[in-house]
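Work through the exercises below with the sequence and the structure open. Each task is followed by a solution in steps.

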Amino acid sequence: MRTARSTTRKRTVTALLALLAALLVLVGLGALGPAAAQAPPPGAQAAGLHISDGRLVESNGNDFVMRGVNHAHTWYPNETQSLADVKALGSNTVRVVLSNGHRWSKNSAADVANVVDQCKANRLICVLEVHDTTGYGEEAAAATLDHAADYWIGLKEVLAGEEDYVIINIGNEPWGNTDPAGWTAPTIAAVQKLRNAGYEHTIMVDAPNWGQDWQGVMRANAQSVYDADPTGNLIFSIHMYSVYNTAEKVTDYLNAFVDAGLPLLIGEFGGPPDQYGDPDEDTMMAAAQQLKLGYLAWSWSGNTDPILDLAIDFDPGRLSSWGQRIFHGVNGIAQTSKEATIFGGGTGDTQAPTAPGTPTASAVTATSATLSWPSATDNVGVTGYDVVRVGGDSETTVASSATTTVTVTGLAAETRYTFAVYARDAAGNRSPRSATVSVTTDEDGGTPGVSCSVGYRVVHEWPGGFQGELSVRNTGTTALNGWTLGFSFADGQTVSNMWGGTATQEGAAVSVASAPWTASLPAGGSVTVGFTATKNSANSTPSNFRLNGTACATA
């Protein structure tokens with residue numbers, strides 16, 4: 001559950017987390033067998049956004065992958081500028097919080113019509129959801145899905161004809177942790193009630209367990225729910241927070257739906273850790289990109305739990321570290337979002353920008369460098385740039401910018417780097433790569449005022465490999481904006497993949513540069529970096545941790 005008025009995390013308790021892996025394994029033994037997604041009835045005309053072969057597509061058959069955020073409109077009805085702001089940062093979709101009047105002030109038909117008009121004016125697909133259903137069965141104030149369906153029927157005149165632009169999310173997280181098996185029948189009934197009322201829109205349904213489906217009820221019953229929709233235009237929404245704290249849990253759940261040919265997106269997710277755990281947002285975003293699934297981050301602004309605000313005080317110029325991660329990080333919105341073709345005359349913008357000019361470097365320090373480059377051109381308009389680090393035949397995105405300059409942080413001292421730049425437009429077309437520039441960082445004598453501690457643990461281990469985690473804490477008095485952690489393995493371990501940082505390794509020595517979204521490390525603050533690695537028979541804890549050249553204690 002995530003609301004702007006209350007962000008108390010009721011989804012899970014520690015004991016429930018311990019049961020998750022076993023329960024999902026049991027469900028996965030046959031709950032979602034391979035099945036072809038139901039097609040529309042013979043001769044039926046697809047109306048706007050619809051499901052085809054388990055994928056969300058537009059009326060012209062183009063695949064549409066949602067990339068966007070949630071916006072708490074019902075509690076902040078005057079913050080409609082937010083729609084333009086999230087679009088300017090690259091979103092192609094916004095999920096809008098509404099109320100049917102059961103728990104909060106009802107959003108009128110005129111208000112909903114205005115939201116839809118503003119979404120269209122800003123070239124955004126609009127997912128509309130009733131929030132009053134949150135946690136039904138456990139939250140005494142929650143509305144039923146039937147109440148929510150009645151609200152949508154009351155909006156029929158407003159939403160009819162908007163099938164190209166609007167997806168109806170019947171009710172947010174419509175079941176708590178109490179008897180979640182009760183979710184299935186009311187979900188089917190609500191879907192059929194909307195279809196009987198004449199709705200042809202793609203309908204979205206949220207999972208029980210406060211959206212996280214940790215008991216696998218939606219996963220086990222998704223096919224029967226999907227089959228109950230006579231149009232076949234139904235998409236499932238999983239909300240991923242601290243239950244999904246490992247790569248295995250994330251990928252297992254998403255792949256179960258993909259393998260079954262059932263449409264799915266991550267309708268909400270968070271990255272900042274809470275008292276229940278630390279969500280693995282890096283895997284969520286990477287897996288969504290790999291599987292071509294949508295994701296919608298929670299939430300733009302206005303949370304009483306401010307760590308979940310993507311923008312501070314609704315100001316797009318004041319993105320939080322969470323906001324920087326979502327919009328400008330690897331597999332983030334700026335990198336992966338493509339505008340719906342309905343806004344581009346049917347076929348959409350397919351012309352890529354020209355390559356940016358050759359970048360130049362300035363203000364080089366031991367851990368950072370500022371890059372600038374001549375702008376690219378585009379037939380519609382360049383919306384941003386991605387900076388990549390080039391190494392041999394590979395490249396890694398290290399920063400994104402809406403302008404022609406960016407400061408790359410988290411570099412290692414006395415190290416040579418090669419960078420290049422891509423341009424992109426609103427439709428997601430990417431330019432050819434620019435020419436490269438090489439930079440050698442300065443010598444590092446350690447950062448005054450910095451002291452640190454590092455916690456290291458093996459999360460999961462298997463023959464020949466393991467998953468590890470590094471918790472880096474700044475115990476000093478100086479805030480860091482960009483950091484590098486060095487350490488050495490003792491038994492021939494080799495890092496193969498990392499999230500939350502970028503690893504380079506020479507022999508036993510590993511250097512971890514902060515990612516753009518983990519670069520800020522205030523005094524007393526900490527960040528967590530995860531990785532997978534290969535190993536031999538021994539797998540001892542590494543030694544000699546150093547943060548920006550300063551020796552760290554072990555925690």
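**Exercise 1. A three-stranded sheet**

How many bridges join E14 to E17? Place both strands in their sheet and find the edges.

Solution. The model is a predicted one.

Step 1. E14 and E17 run antiparallel and are joined by four bridges. Within this pairing, alanine 369 stands opposite valine 408 in E17.

Step 2. On its other pairing, strand E14 (residues 369-372) meets E13 in the antiparallel sense, over three bridges. Here serine 362 stands opposite threonine 370 in E14, and alanine 361 stands opposite leucine 371 in E14.

Step 3. Put together, the order is E13-E14-E17 in an open sheet of three strands with antiparallel pairing. Strand E13 (360-362) and strand E17 (405-408) each have a single partner strand, so they stand at the edges and one side of each is left without a neighbour in the sheet. From one strand to the next the twist averages 30°.

Step 4. Look at the link between E13 and E14. The two form a hairpin with six residues between them, and alanine 363 in the turn has a positive phi of about 50°.

**Exercise 2. Two helices in contact**

At what angle do helix H7 and helix H8 pack? Classify the packing and list the residues that make the contact.

Solution.

Step 1. Helix H7 (residues 217-227) packs against helix H8 (residues 247-260) at about 10°, and their axes are 11 Å apart.

Step 2. Angles under 35 degrees count as roughly parallel. H7 and H8 are therefore roughly parallel to each other.

Step 3. H7 makes the contact with Met218, Arg219, Ala222 and Gln223, and H8 with Asp252, Tyr253, Ala256, Phe257 and Ala260. Sorted by class, the contact of H7 with H8 has six nonpolar, one polar and two charged residues.

**Exercise 3. A five-stranded sheet and a cavity**

Which elements give two or more residues to the lining of the second largest cavity? Locate them in their sheet before turning to the cavity.

Solution.

Step 1. An open sheet of five strands, with antiparallel pairing, has the order E25-E26-E23-E29-E30. Strand E25 (501-506) and strand E30 (550-551) are its edges, each with a single partner strand, so one side of each is left without a neighbour in the sheet.

Step 2. Six bridges pair E25 with strand E26 (residues 509-514) in the antiparallel sense. Glycine 501 stands opposite serine 514 in E26.

Step 3. The second largest cavity has a volume of about 40 Å³. Its lining consists of Arg389, Ala412, Tyr417, Thr502, Thr504, Ser511, Val512 and Ala513. The elements that give two or more of these residues are E25 and E26, and E26 supplies the largest share, three residues.

Step 4. The lining of the second largest cavity has four nonpolar, three polar and one charged residues.

**Exercise 4. The largest pocket**

Which element gives the most to the lining of the largest pocket? State the volume and the make-up of the lining too.

Solution.

Step 1. The volume of the largest pocket is about 860 Å³.

Step 2. Its lining holds 40 residues, and Gly271, Pro273, Asp278, Val527 and Thr528 lie nearest the centre.

Step 3. At least two lining residues come from each of helix H9 (281-291), helix H10 (321-328), strand E20 (452-462), strand E21 (465-474) and strand E28 (526-534). E21 gives the most, with six residues.

Step 4. By class, the lining of the largest pocket divides into 15 nonpolar, 17 polar and eight charged residues.

Definitions and conventions: Residues numbered from 1 in each chain as written. Predicted model: local features only at pLDDT ≥ 70, side-chain atom pairs only at ≥ 80, totals over all residues. Heavy atoms only, no water. 1 Å grid on protein atoms, 1.4 Å probe; cavity = no way out; pocket = protein on both sides within 12 Å on 5 of 7 lines; lining within 4 Å. Points joined across faces, edges and corners; volume = space filled by probe spheres on them. Nonpolar A, V, L, I, M, F, W, Y, C, P; charged D, E, K, R; others polar. Pairing = 2+ DSSP bridges. Axes fitted to C-alpha atoms, helices over the stretch in contact; angles between N-to-C directions. Parallel < 35°, antiparallel > 145°, perpendicular 65-115°, else oblique. Contact = heavy atoms within 4.5 Å.
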